[in-house]
Amino acid sequence: MSTDAIAALARLAEERVDHRFKGLPPDADGLTVGELAAQRRNLFTGGFPTPVLALSAERLEHNLALMETYATRHGLAFAPHGKTSMAPQLFRRQLDHGAWGITLAVPHQVRVARAYGVGRIFLANELVDPAALRWISAELDADPAFRLVCYVDSVRGVALMDAALRGAARPLDVVVELAAGEGARTGVRTDEECAAVADAVAAVPTLRLVGVAGYESEVPGAGPERVRAWLRRLVALAAGFDRAGRFKDAEEIIVSAGGSAWFDAVADVFAGIPELSLPVVKLLRSGAYVSHDDGHYQGLTPFNRVPEEGALEPALRLWTQVVSRPSPDQAFVNAGKRDAAYDLDLPFARVIRRDGRERPATGVSVTALSDQHAWLRTTDEADLEVGDWVGLGLSHPCTSFDKWPLIPLAEADGTVVDYIRTYF
């Protein structure tokens, strides 16, 4: 970690707390983040108004360590997708837990990562914007240790990239993106088109072909056999490119896949990658693991299929307060679409807190969200009163982090030990 990166992370603690950051104690205005963290306030008694999103310190560490162990056990390099959190402090912890680099999707995210010293970035998108390409090229030229790998998925894209990068001192490393199938998202559809894109890369001095990649969750009708069949096709594409000498300018060959739903299949198929002419980087990109969730990924995680490997733990909890109890079967809490992910599932009522004691939110469910309210349905089992705190579990971390620019990192007893800054 460079001196500049250490300094940039340290400056996060110097930011002043004020009205820009929701969920923080009003009497903390004017303090620096570092000063507030040093007070070790309690999330429940230290003046935090609701709603407030908190990240569990213990569960975060558990998830970081589990995926580090998993990647090591299966011989995988790991570049977790940073778009999940867009939090440089979490990027650093992921790198400290053995990550090869950080995956990102758009130029703004790359700028954030570079501002905080990330030295190896996998850009899982074809980048054709000339201003962004020129900025990346300047970063590469200025820092010989910096590496960025980018998708290409069309001959036209290669031409646009080449035009923007003319005059660069270093070529940009690229991988051909193989589409997951007809009607799927981005990527090249056929082997013949993949070869044409690779030939286009070879014809320009501004790009260097270093591998192949794709996203298996986009396989139509994704299931174990279809996903594995596509992954085998990806491996065959890499092997075919190698036999044809397409990686002659590379130092290693990157073969990359792996969202948060099928990394067990990636591990299985990548274990069978044959010996190639250069060392192979088997690069996994799963990102949602860092906080996991209570819904979408709770159901999809491969650890459900391989429980002997361990289990991720949901680390985000949105604390809300009951502000209305208009009828025996209905209540409202003060958090809504501005505060909670709702694109895949509604939040889940997990715990009720009253007078310092927590209990399961039995008989309470979320049925709808307004901008600033969650609608709760309550059964006869529910013991819920105005003023109670309700802890909500969330589904889809990628659309949970983005609503909170400064997130308390809290230990199990509520002690807030740090604050996680996000940039969306």
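Helix 3 (residues 57–73) packs against helix 4 (residues 88–96) with the axes 9 Å apart and at an angle of about 45°. That angle makes helix 3 oblique to helix 4, a class left over once angles under 35 degrees (roughly parallel), over 145 (roughly antiparallel) and 65 to 115 (roughly perpendicular) are set aside. Axes are lines fitted to C-alpha atoms, for helices over the stretch in contact, and the angles run from 0 to 180 degrees between N-to-C directions. Helices are DSSP runs of H or I with at least four residues, strands are runs of E with at least two, and both are numbered from the N terminus.

This is a predicted model, in which local features need pLDDT of at least 70 and side-chain atom pairs count only at pLDDT 80 or more, while totals for chains, interfaces and linings use all residues. Residues are numbered from 1 along each chain as its sequence is written, and side-chain values use heavy atoms, with hydrogens and water left out.

The crossing of helix 3 and helix 4 is right-handed, meaning that the near helix is turned clockwise from the far one by less than a right angle. Leu60, Glu61 and Leu64 of helix 3 meet Leu90, Arg93 and Gln94 of helix 4, where contact means heavy atoms within 4.5 Å. By class, this contact of helix 3 with helix 4 has 3 nonpolar, 1 polar and 2 charged residues. Leu counts as nonpolar, Glu and Arg as charged, and Gln falls among the others, as polar.

Three single residues follow, with contacts that leave aside neighbours within four places in sequence. Buried means under 20% relative accessible area (1.4 Å probe, protein chains only).

| Residue | Relative accessible area | Contacts |
|---|---|---|
| Aspartate 339 | 3% | Lys22, Pro51, Leu318, Asn334, Gln372, Lys403, Trp404 |
| Glutamine 109 | 12% | Lys83, Met86, Leu104 |
| Threonine 301 | 5% | Ser260, Phe263, His292, Leu312 |

Aspartate 339 is found in the loop between strand 11 (330–333) and strand 12 (348–354), and it counts as buried. Its side chain makes a polar contact of 3.0 Å with the side chain of lysine 22; such a contact is a pair of N or O atoms within 3.5 Å, one able to donate a hydrogen and the other to accept it. The C-alpha atom of aspartate 339 is separated by 39 Å from that of serine 154, 185 residues apart along the chain.

Glutamine 109 lies in helix 5 (residues 107–115) and is buried. Threonine 301, also buried, has its place in the loop between helix 11 (296–300) and strand 10 (316–327).

How values were computed
Buried means under 20% relative accessible area, exposed over 50%, partly exposed in between (1.4 Å probe, protein chains only).
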